[in-house]
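Work through the exercises below with the sequence and the predicted model at hand. Each task is followed by a solution in steps.

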Amino acid sequence: MQKSPLETRRAFGVLFIGVAIAVGSASILSEIAFEHKTPIFYYAIIWFGSFAITFGIVIVKFRTMLSSIKGRMKNSVKWPRMVKAVNGLCWAAPFAAIGIAPHFYQYLILFGIGLGNTSTFLFMRKYSGLVNTEQIIVGTISLAAIPLAILLDTSLISNQTTAVITSRIMIAVAYGAGGIFALIKK
């Protein structure tokens with residue numbers, strides 16, 4: 001059964017807010033772990049646990065939204081191959097570049113999320129006729145956060161740890177803003 005655009009938008013709103021909660025809580029918990037000099041494997045537990053708990057709750061409470069999310073994602077299957085390839089590169093290339101330039105990872109993550117969401121928004125609008133404003137909100141905030149993270153990383157009053165936590169919080173803010181928009185938009 002085809003879901004209405006409003007149901008689909010709300011499903012993505014819940015999904016995006018879930019991402020915001022998971023990233024925000026994992027960021028704060030990993031910063032606390034860093035300050036207490038905990039062993040490195042705790043970071044994996046923190047990040048995995050934050051996402052598992054958040055999405056475990058979301059899936060249990062909002063099980064019906066999964067078909068709406070799946071339905072919207074299927075739209076990209078109909079895109080031309082080259083468009084799918086470009087969209088995939090927009091998502092994957094910045095993350096793959098972390099292996100080449102790990103010292104820039106906080107910027108590359110913001111860039112990947114920003115570029116990926118922006119390209120998906122543009123291609124979805126052009127090839128599927130859908131205007132997923134919540135997605136361009138996430139993309140725009142993520143891209144706009146890069147100069148802030150660079151400024152914090154290179155300023156005399158800050159350090160890389162502050163830039164990393166700022167970039168993570170900005171990811172949570174971006175997804176939170178997109179999610180809230182999706183939930184309140186009529």
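**Exercise 1.** Determine the sign of phi at Lys-37, then check the span of the helix α1.

Solution. Lys-37 follows α1, and its phi is positive, near 55 degrees. For the span, take the 31 residues of α1 at 1.5 Å a residue, counting one less than the number of residues. This gives an expected 45 Å, and because the end C-alpha atoms are 45 Å apart, the two values agree.

**Exercise 2.** Find every salt bridge in the structure and state which parts of the chain are linked.

Solution. Apply the cut-off first: a side-chain nitrogen of Lys or Arg must lie within 4 Å of a carboxyl oxygen of Asp or Glu. A search of the whole structure then returns one salt bridge. Its partners are the side chains of Glu-134 and Arg-9, at 3.3 Å from N to O. Next, place the partners: Glu-134 belongs to helix α6 (residues 133-154) and Arg-9 to helix α1, so that the pair, 125 residues apart, links distant parts of the chain. Finally, check accessibility: Glu-134 and Arg-9 are both buried.

**Exercise 3.** Describe the geometry of α6 and list its buried residues.

Solution. Start with length. The 22 residues of α6 reach 33 Å from first to last C-alpha, close to the 32 Å expected at 1.5 Å a residue. Then look for bends: α6 has a kink of about 25 degrees at Ile-146, shortly before the proline Pro-147. Last, list the buried positions of α6, which are Glu-134, Gln-135, Val-138, Gly-139, Ser-142, Ala-145, Ile-146 and Ala-149.

**Exercise 4.** Is Ala-174 buried or exposed, and how many Å separate its C-alpha atom from that of Ala-145?

Solution. Locate Ala-174 in helix α7 (residues 160-184). Its relative accessibility is 0%, and buried means under 20%, so Ala-174 counts as buried. Ala-145 lies 29 residues away along the chain, with 9.1 Å between the two C-alpha atoms.

**Exercise 5.** Characterise the second largest pocket by volume, lining and residue class.

Solution. The volume comes to about 220 Å³. Fourteen residues is the count for the lining, and those nearest the centre of the pocket are Phe-12, Met-73, Trp-91, Thr-120 and Gln-135. Sort the lining by helix: α1 (5-35), α3 (65-74), α4 (81-96) and α5 (105-128) each contribute at least two residues. Sort the lining by class: eight residues are nonpolar, five polar and one charged.

Key:
Residues numbered from 1 in each chain as written. Predicted model: local features only at pLDDT ≥ 70, side-chain atom pairs only at ≥ 80, totals over all residues. Heavy atoms only, no water. 1 Å grid on protein atoms, 1.4 Å probe; cavity = no way out; pocket = protein on both sides within 12 Å on 5 of 7 lines; lining within 4 Å. Points joined across faces, edges and corners; volume = space filled by probe spheres on them. Helix = DSSP H or I, 4+ residues; strand = E, 2+ residues; numbered from the N terminus. Nonpolar A, V, L, I, M, F, W, Y, C, P; charged D, E, K, R; others polar. Buried < 20%, exposed > 50% of the residue type's maximum accessible area, 1.4 Å probe, protein only. Bend = angle between axes of the 7 residues up to and from the residue.
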